[in-house]
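Colleague: I'm new to reading protein models, and I'd like a close look at one part of this one. Could you walk me through the sheet and then work outwards from there?

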Amino acid sequence: MAKAAVVGLGTMGPGLAQTLARAGMEVVAFDVSEDQRKKAPEGIELANKVLTALGVPDRSKAPVKIAGSLKECLDGATMVVETVPEKLEIKAAVFKEIDALVGKSCIIASNTSGIPISKLQENVSAPERVVGMHWSNPPHIIPMIEVIAGNKTSKETVQWMVSTIKDLGLLPVVVQKDVPGFVENRVLYALLRECVDLVDQGVIDAEGLDTCVSWGIGYKLSVIGPMALLDMAGLDIYQAVGSYLNKDLCNRGDLSPYVTERTKAGKLGMKTGSGVFSYTPEKIAELRGLRAKRLVAVRKALES
Ligand SMILES: NC(=O)c1ccc[n+]([C@@H]2O[C@H](COP(=O)([O-])OP(=O)(O)OC[C@H]3O[C@@H](n4cnc5c(N)ncnc54)[C@H](O)[C@@H]3O)[C@@H](O)[C@H]2O)c1
């Protein structure tokens, strides 16, 4: 049985670990924080319930084990998924530690959202076995995973990762150039830049923006991708609208004042009780439940 080591048990680690375990892998996970190690079983259990609701077959052979040290976590691993904070210096240090502890044939994958894989490869002795495995949040619900090769990743490693993701019952997408943000986050951040700017300019309020995007293009895009949408609308329409609209779209290279002001005031979103919107703990619990339920229903509909 393949053995996966998951390093980092924050937002992404528990759901990711349970998805691997449910597909039949032996999974051992570790977090440097004892607190996170204690909290992880709850997140793993929650992810398992959602996977059951999704109808994902339960091929698990053993529950996810939480290791007390990185060494114990990595012992005998055939694949490591690093999912520690998105800071190059933290990831580089973790990669060095992993490199010293894994066997020669172990694949080292990173769940980085956009740090170039080529930079992470600099920290290991066998860079050909390093690959990006970028899950979407929540990792136990969103089936698409970006696979990214760095400058030194071998073709075999990319192929191995693609077939492993298929074996998990998930959807690999190969990103052919190691560009910052890869593809999913480049598209998301292009969208977010325009959305934040529209709200900042007073063109629409935050609630109206979300309704417009979720029930308009968002809903449509989950069925018809942007490139297929071009064909559906007609390339001549894109040409006509793009000829005046493209130059009017937000293209600022710095960060928007709207987000910067809130960040400075400690308004970071759900985790601080306010950001764009305001939240009580009860509201957060309600939103999490409702969103998971709806994402499960949409995924089932898309798979039907
Ligand atoms: N949160 C998201 O929506 C999302 C989506 C896709 C990808 N990612 C990526 O996944 C990675 C993790 O993101 P997250 O949101 O789960 O972060 P997080 O901050 O919630 O969790 C990271 C965890 O790593 C632990 N950690 C720190 N140093 C460590 C070390 N040396 N060894 C072991 N554990 C260590 C921390 O204690 C923390 O629990 C990042 O690269 C992020 O960009 C996040």
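Modeller: Here is a tour that begins with the sheet and then moves to its surroundings. One thing to keep in mind throughout is that this is a predicted model.

Let's get the layout first. There is an open sheet of eight strands, in the order 3-2-1-4-5-6-7-8, and its pairing is mixed. At the edges sit strand 3 (65–66) and strand 8 (171–175), each of which pairs on one side only.

Now look at strand 1, residues 3–7. Four of its five residues are buried, so strand 1 is largely enclosed by the rest of the structure. On one side, strand 1 runs parallel to strand 2 (residues 26–30), and five bridges join them. If you want to find that pairing on screen, start at K3: its bridge partner in strand 2 is E26. Strand 1 also pairs with strand 4 (residues 79–82), again in the parallel sense, over four bridges. Here the residue to click on is V7, whose bridge partner in strand 4 is E82. Helix 4 (residues 88–101) packs on the sheet and touches strand 1, strand 4 and strand 5, while its direction makes about 160° with that of strand 4.

Stay with V7 for a moment, since it shows how a residue in strand 1 can have company from many parts of the chain. Is V7 buried or exposed? Its count is 28 C-beta neighbours inside 10 Å, and 20 or more is what it takes, so V7 counts as buried. Leaving aside neighbours within four places in sequence, V7 is in contact with F30, L70, C73, V80, E82, T83, V84, V94 and I98. To get a feel for distance, compare the position of V7 with that of I141: they are 134 residues apart along the chain, and their C-alpha atoms are separated by 20 Å.

Next, move along the sheet to strand 6, residues 130–134. Five of its five residues are buried, so strand 6 is largely enclosed by the rest of the structure. You can check that on both faces: V130, G132 and H134 are buried on one side, and V131 and M133 are buried on the other. Which way do its two partners run? Strand 5 (residues 107–110) and strand 6 are parallel, with three bridges between them, whereas strand 6 and strand 7 (residues 144–149) are antiparallel, with four bridges. For landmarks, A109 stands opposite V131, and M133 has V147 in strand 7 as its bridge partner.

Follow the chain out of strand 6 and you enter the loop that leads to strand 7, where P138 lies. The peptide bond from N137 to P138 is cis, with omega near 0°. N137 turns up again around the ligand: of the 24 residues there, G8, G10, E86, S113 and N137 come nearest. Sorted by class, that shell has 10 nonpolar, 12 polar and two charged residues.

Another loop worth a visit joins strand 8 to helix 7, and F182 is found in it. F182 has a positive phi of about 50° although it is not a glycine. F182 is also buried, with 23 other C-beta atoms within 10 Å.

That loop brings us to helix 7, residues 184–200, and to its meeting with helix 11. Two packed helices are described by the angle between their axes and the distance between the axes. For helix 7 and helix 11, the axes come within 9 Å and cross at roughly 85°. The two helices are therefore roughly perpendicular to each other. The contact is made by V196, V199 and D200 of helix 7, together with P257, Y258 and V259 of helix 11. By class, those contact residues divide into five nonpolar, no polar and one charged.

Finally, how much of helix 11 (residues 257–264) is buried? Of its eight residues the number buried is zero, so helix 11 lies largely in the open. Just after helix 11 comes G266, with a positive phi of about 75°. Helix 9 (residues 226–233) is another one to look at: of its eight residues the number buried is zero, so helix 9 lies largely in the open. Helix 9 is followed by G234, whose phi is positive, near 105°.

Terms used:
Residues are numbered from 1 along each chain as its sequence is written. This is a predicted model: local features need pLDDT of at least 70, side-chain atom pairs count only at pLDDT 80 or more; totals for chains, interfaces and linings use all residues. A residue is buried if 20 or more other C-beta atoms lie within 10 Å of its own, exposed if 12 or fewer, and partly exposed in between; C-beta atoms are placed from the backbone. A residue is near a molecule or strand if its C-beta atom, placed from the backbone, lies within 6 Å of it. Ala, Val, Leu, Ile, Met, Phe, Trp, Tyr, Cys and Pro count as nonpolar, Asp, Glu, Lys and Arg as charged, and the others, Gly among them, as polar. Two strands pair if DSSP finds at least two bridges between them. Axes are lines fitted to C-alpha atoms, for helices over the stretch in contact, and angles run from 0 to 180 degrees between N-to-C directions. Angles under 35 degrees count as roughly parallel, over 145 as roughly antiparallel, 65 to 115 as roughly perpendicular and the rest as oblique. Two residues are in contact if their C-beta atoms, placed from the backbone, lie within 7 Å.
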